[in-house]
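Reader: I am new to this structure and would like a close look at a single part of it, the place where two helices of one chain pack together. Please set that part in its surroundings as well.

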Amino acid sequence: MEIPYIVEARPDTGLHNGKLGIWLFLASEVMLFGALFSTYILLRVGASEWPHGDLSVLLGTINTIILIASSVTMVMAWASLKLNDWGKHRLYLALTFVLALVFLVNKYFEYSEHLTKGEGPWHSTFFAIYFTLTGLHGLHIVGGMVVMAYFLGPGAKLWKKNPDQFANRIEATGLYWHFVDLVWIFLFPVLYLL
Amino acid sequence: MDNATTLGTVAHGHAHEHAHEELGWWRTYVFSVDHKVIGIQYAVTGLTFLLFGFTLMMIMRWQLAYPGRPIPLIGTWFGQDKAPGGIMLPEFYNQLGAMHGTIMVFLGVVPLAVGGFGNFVMPLQIGAPDMAFPKINMMSYWVYFIGGVVMLLSFFAPGGAAQSGWTSYTPLSVIATSGQTWWLFGMIFLITSSLLGSINFIVTIIQLRAKGLNYMRLPFFVWAQFVTSFLLLLAFPPLEAAGVLQLMDRLAGTSFFEPSGLVVSGKVLTNAGGGNPLLWQHLFWFLAHPEVYVLILPAMGIVAEVIANNTRKPLWGYKAMVYSLIFLGFMSFFVWAHHMFMTGMGTAMSAFFQTTTMIISIPSVVILTSLLLSLWGASIRFTTPMLFALAFLPMFGIGGLTGLPLGLAPPDIHLHDTYYVIGHFHYVVAPGTILALFAGIYYWYPKATGRMMNDMLGRIHFWGTFVCINLVFMPMFIQGLGGMNRRMYDGGMQYAHNQSLLKWNVVIGMAAWTMGLFQLPFIVNFLWSIKHGKRVENDNPWQATTVEWSAPSPPGHGNFAIAPVVYRGPYEYSVPGAPKDFSPQFEPERA
């Protein structure tokens, strides 16, 4: 016997295995970041004062736009596969990767500015939360980039062998990427604006 | 490649090349992607850790029974920094305590109950060829293995292993020696492993059920694994978050869990402050209460299978049990702060959490009562697995009922942090879960090896363990009600109110060491029967009804020659008019 529903959907659930798997993974990620956001709320409510304006809203806004744009290119990368346009798929996936990289470079400048001013995670509860949450989010960005690099490189061979399975994998990558994007959509107002 | 495979490949349209080529020894037995091999790896590793964790406790029990006396035989092994002259230092006692809890819960029981039994039995019971993601399954085991190695190595860290209890309460854990950092890294590995495992379990159960196996035909064991996986999936990430925060506190100088102006050993800590020690407890127990159900639900699943099989009757109230299970899993996310009545979090919070705690006891009672009523009017076969399963019922009953006073804030004021608590949760997990796990091993061993375990050794193992384990834990209720505190390195001998209770420490110690001896027949039986056990006469030696018994013993790669089809519910024993007293799920109705 072979494992069924790797590529095609099981009729009564309407899902293939990988898609259900990635949704479950995202559910656990919601709990992970949910716990961290709860930590933020609890510590902030208990704090006697809370700093404002320590972060660069401009850099944060730019990064928000970059990530939203990368979500769009990610969808296009998947849609191009469904339209059987391999060249466009490569272009959009590469573009997503580059946008993610730009996000991290931006983040690097932000981090180094604070660290040179001595505002490291040890400085205050605010910076502790800032570095922990954006750091974990940054790790998720890196994780996504590793996966994209794989599908731009050695993973791309699957397209020839089994296009449906390849499209499924890009879809799962996209779901994950939108989640990472969504986390930032919460992080940005919580850390930069409120 | 033989003809059949070639044809199959062509028919499938794309070239999946696998299945029939011979895998080398490493790929077959070590880095295997087969759920059965991974299940056995999990089970054997888990059993080894259980023995190791139990050994830690046997050493601690010497210190409690005879405080300040050199540990006999092995006392000199620990070195001058842990036990000078063989006499245990308080720090070493704390390390053993913290690591006993951690190892038993995260490295012993869960890997055996979920990783071992879940991996081996569940895909067979749902008629699947393997888990949905075999490579992730292998990764899950090896990440767990690394986590275990990190935990063991932490004993050699400067200052020794973690010593802040398995709960790692802040702020003590933040200022503890470097073993705590090892503990946190180990936990991150273990959490990642269980995340990978739980996704795999849920996808497998939803997607790979055999034809005809709808949800209400699932064996209760599969249901238990299903709910357990959701608990692991959703409850563990907050502990991962908490672990990351504590690592930040220890390594990056943050103070998530340290309030401003904390004084340690007469000195004010120079941290940023503004943290909250209770935050750790909330995040920890948000995992650790569902974790209690992770420990007990698979055990209930095993017991349900063994009881139905040996009473030759359907389970009483299967549907009520399933609904209770789902409700139990759901409610387990809303009871965590009953571990924190004494923290001063406020009466409103206490009132809420003691109410939810009383509510969650109802589905547990429904399940236990259903199992008990399943025995009514049965002609019970007292096989070795059945002895263990029967013992589970009163043991879990004692564990559950003694939990009620702890779940209510007023009696908890008296009982909190005493040996009563230790007695209570051990009755759930040790005489409860572990006896059930033994039942499972004796029950499914013939499926895994094609041979039976020796019955006489099994009975010696059962009676010895059953008597000793009660002698270990029953006196703890007496000590706890008398006010003896837990975590006392000398058993609390400096307190006047403990004087009449200290004698029980000797009884408990004797019973624990004797119980250690009674595990020898099991170890011998387990290893000896692999090669020399009585061969099973057919693939269904217990005359059971669930699908795993239609597979060969041991099942080959891919499990079933042809995809099984399920025709009926899981426990159709003694159906009136049927030709034999069991109607397996996988056998079509006779005309």
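Author: What follows starts with the helix pair and then moves outward to the rest of the structure.

This is a predicted model, in which local features need pLDDT of at least 70 and side-chain atom pairs count only at pLDDT 80 or more, while totals for chains, interfaces and linings use all residues. Residues are numbered from 1 along each chain as its sequence is written, and chains are lettered from A and ligands numbered from 1 in the order in which they are written.

The secondary structure of chain A comes to six helices and zero strands, where helices (H or I, at least four residues) and strands (E, at least two) are DSSP runs numbered from the N terminus. The C-alpha trace of chain A spans about 60 × 35 × 20 Å along its principal axes. Within chain A, helix 2 (residues 57–82) and helix 6 (residues 163–193) pack at an angle of about 165 degrees, with their axes 9 Å apart; axes are lines fitted to C-alpha atoms, for helices over the stretch in contact, and angles run from 0 to 180 degrees between N-to-C directions. That angle makes helix 2 of chain A roughly antiparallel to helix 6 of chain A, a term that applies to angles over 145 degrees, just as under 35 counts as roughly parallel, 65 to 115 as roughly perpendicular and the rest as oblique.

On the side of helix 2 of chain A, the residues that make the contact include A:V57, A:G60, A:L67 and A:W78, and on the side of helix 6 of chain A they include A:F166, A:G174, A:W177 and A:Y192; two residues are in contact if their C-beta atoms, placed from the backbone, lie within 7 Å. By class, this contact between helix 2 and helix 6 of chain A has 15 nonpolar, five polar and three charged residues, with Ala, Val, Leu, Ile, Met, Phe, Trp, Tyr, Cys and Pro counted as nonpolar, Asp, Glu, Lys and Arg as charged, and the others, Gly among them, as polar.

Helix 2 of chain A also holds A:L59, which is partly exposed, with 15 other C-beta atoms within 10 Å; a residue is buried if 20 or more other C-beta atoms lie within 10 Å of its own, exposed if 12 or fewer, and partly exposed in between, with C-beta atoms placed from the backbone. Leaving aside its neighbours within four places in sequence, A:L59 is in contact with A:N106 and A:E110, and its C-alpha atom is separated by 9.1 Å from that of A:F109, 50 residues apart along the chain. For chain A as a whole, buried residues make up 37% of the 194 residues.

Beyond the helix pair, chain A also touches chain B, in a contact that takes 33 residues from chain A and 36 residues from chain B. On the side of chain B, helix 6 (179–207), helix 7 (220–252) and helix 8 (277–311) each supply at least two residues, and the largest share, 11 residues, comes from helix 7 of chain B. The residues on that side of chain B divide into 25 nonpolar, nine polar and two charged. Chain B itself comes to 16 helices and two strands, and 54% of its 591 residues count as buried.
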